[in-house]
Amino acid sequence: MALVTLVLLQIFVVAAGAHLLTSDVLDEGEPETIVASAEPPPVPVITAGPVLAAGGNGPLPAKGTLAERLTEALGDPALGRSVGAAVLDAETGALLFGSGPATGITPASTTKVVTAVASMASLGPDARLSTRVVRGASPGSIVLVGGGDPTLASPRTAGSPVYPRPASLATLASRTARALKGAGVSKVTVAYDDSLYTGPRTAATWKPGYVPEGSVAPVTALMIDEGRASRGSDQRVSDPSRATHAAFVSLLSKYGITVSRSARRSKAPAGAQELARVDSAPVYALVERALTLSDNDLSEALARHVAIKEGEPASFDGAAAAVGKVLTRLGAAKGVRVFDGSGLSPKNRIAPEALARLVSTAASPANPGLHPIISGMPVAGFSGTLGHRFDKLRSAYGLIRAKTGTLDGVNTLAGMTTTRGGRLVTFAFMADEVPPGWGKAEAALDRLAAAVAAS
């Protein structure tokens with residue numbers, strides 16, 4: 001090996017010397033003739049275009065073509081006789097197409113767009129919902145205080161891949177046990193306080209079957225797993241506050257605290273010392289979840305927190321009044337009348353133009369605080385309640401963000417897309433006298449949205 005290395009080194013030295021010698025000769029003799037070589041042909045550089053073609057400000061679609069396509073599609077028998085539509089230019093707010101755009105129609109879950117806008121505008125993106133434990137009125141007593149976070153997770157759902165990551169009841173129990181032991185306390189009585197919300201736990205306008213069928217839990221300020229009876233089930237417990245209290249007591253025992261008495265509902269003393277707390281994800285992430293998953297429980301909770309922030313009772317009526325206040329401040333209240341935060345109420349009425357305008361408001365560069373509403377909307381063919389749709393409209397995959405709405409006899413779709421020329425537009429297509437035929441109305445709405453994207 002050493003011999004080979006030595007030979008290679010000698011060859012290098014000889015070659016280098018020859019090069020220097022040649023260079024010296026050239027320098028002392030005639031100047032070297034340099035032959036200019038032809039420049040290599042330019043290599044084309046290919047770059048991706050912007051995500052929103054023309055930055056979202058491409059040419060407006062031809063109104064005649066858009067009207068022709070949408071008018072024909074709106075006549076689909078699957079949509080029934082009560083159909084409304086609106087398409088707006090996102091930049092100017094101009095109505096590009098309308099069919100009964102000012103007529104109120106049952107919105108179903110597109111009501112969540114209203115709740116989301118009010119939540120972001122009133123509460124702000126970084127607010128969090130807190131569940132706390134405080135000292136009770138007597139020595140050795142503590143109170144579990146609900147802060148209106150329906151995403152609070154029990155141990156049975158720990159580790160599930162949910163976004164955003166929820167606060168944990170087990171963490172709250174562990175912190176409480178640590179604080180009690182630090183104070184020399186090992187035996188307590190535990191009460192619970194869910195008085196943050198007021199009024200009925202179900203809306204007077206809801207159909208009686210919503211809770212039994214698992215569409216929503218009774219709305220309380222203290223619950224775990226959105227009131228579900230078991231992991232992976234839609235069945236709801238009849239009293240989420242009491243069930244959460246029982247789970248908390250069980251966890252305290254596991255962490256070495258003896259509970260001598262429990263299952264007592266009691267308001268926490270004013271100014272009581274806080275022993276432990278856990279916080280939800282920030283509101284912007286909760287809004288994204290509510291829209292992507294069409295989460296009824298979370299939407300009702302957000303509406304109540306808007307009521308609290310706006311100085312209204314944290315009830316169905318108070319939440320509706322508070323949402324109206326916020327929309328009025330935004331100049332977006334016209335054409336919107338709601339009785340709940342989730343859209344389960346068949347008495348809600350929203351005009352298509354009003355709904356499309358709310359989406360434009362959320363998408364506007366002037367309202368960066370509302371942008372999580374857009375990022376939370378399901379994407380055609382990819383996520384949330386649109387993940388299984390647009391199967392026969394593959395050209396629209398990924399181009400449409402929209403919130404869906406479904407009740408008995410009601411199908412709606414509201415969102416945004418870019419046209420073929422790159423113009424950012426918002427839309428709302430709504431039908432509330434849909435004849436029987438599972439999926440046919442949804443497919444008709446998808447074709448309407450795809451027609452806008454192709455215009």
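How many bridges join strand β1 to β2, and in which sense do the two strands run? Strand β1, residues 83–89, is joined to β2 by 4 bridges, and the two run antiparallel. This pairing is one part of a predicted model, and the paragraphs below go from the confidence of the model to its sheet, its cores and two unusual loop residues.

The average pLDDT of the protein is 89, and 87% of the residues score at least 70. Residues 1–37 have a pLDDT below 50, and in the model this stretch has 0 contacts beyond near neighbours in sequence. Residues 45–54 also have a pLDDT below 50, with 6 contacts beyond near neighbours in sequence. Where pLDDT is low, the predicted coordinates should not be read in detail.

The protein has 12 helices and 12 strands. It has 455 residues, and 49% of them count as buried. About 21,500 Å² is exposed, with 57% of that area supplied by carbon and sulfur atoms. If contacts are restricted to residues at least 6 apart in sequence, 68% of them join residues at least 24 apart.

Strands β1 and β2 belong to an open sheet of 5 strands, paired antiparallel in the order β2-β1-β12-β11-β10. The edges are β2 (95–99) and β10 (400–407), each of which pairs on one side only. On average, neighbouring strands of this sheet are turned by 5° against each other, direction ignored. Strands of a sheet pair through backbone hydrogen bonds, in either a parallel or an antiparallel sense.

At the β2 edge, β1 and β2 make a hairpin with 5 residues between them. Gly-93, in the turn, has a positive phi of about 80°. Within the pairing, Ala-86 is opposite Gly-98 in β2.

At the β10 edge, β10 pairs with β11 (residues 410–418) in the antiparallel sense over 8 bridges. Leu-407 faces this partner strand, standing opposite Val-410 in β11. The hairpin of β10 and β11 has 2 residues between the strands, and Gly-409 takes a positive phi near 80° there. Although β10 is an edge strand, it is mostly covered, with 6 of its 8 residues buried.

The largest nonpolar core contains 50 residues. The members that touch the most others are Val-287, Val-336, Ile-350, Leu-358 and Ile-373. Apart from neighbours within four places in sequence, Val-336 contacts Val-114, Leu-327, Arg-349, Ile-350, Ala-354 and Leu-358. A second, separate core has 28 residues, including Leu-79, Ala-85, Val-87 and Leu-448.

Two loop residues deserve a look at their backbone. Most residues other than glycine have a negative phi. Ser-294 has a positive phi, near 55°, and lies in the loop between α7 (283–293) and α8 (296–309). Is Ser-294 buried or exposed? Its relative accessibility is 16%, and because buried means under 20%, Ser-294 counts as buried.

Phe-390 also has a positive phi, near 70°. This residue sits in the loop between α11 (372–376) and β10, the strand at one edge of the sheet. Phe-390 has a relative accessibility of 3% and therefore counts as buried.

Technical notes:
Residues numbered from 1 in each chain as written. Predicted model: local features only at pLDDT ≥ 70, side-chain atom pairs only at ≥ 80, totals over all residues. Heavy atoms only, no water. Buried < 20%, exposed > 50% of the residue type's maximum accessible area, 1.4 Å probe, protein only. Contact = heavy atoms within 4.5 Å. Areas by Shrake-Rupley, 256 points an atom, 1.4 Å probe, with all protein chains shown as cover. Pairing = 2+ DSSP bridges. Axes fitted to C-alpha atoms, helices over the stretch in contact; angles between N-to-C directions. pLDDT = per-residue confidence, 0-100. Core = buried A, V, L, I, M, F, W, Y, C linked by side-chain atoms within 4.5 Å.
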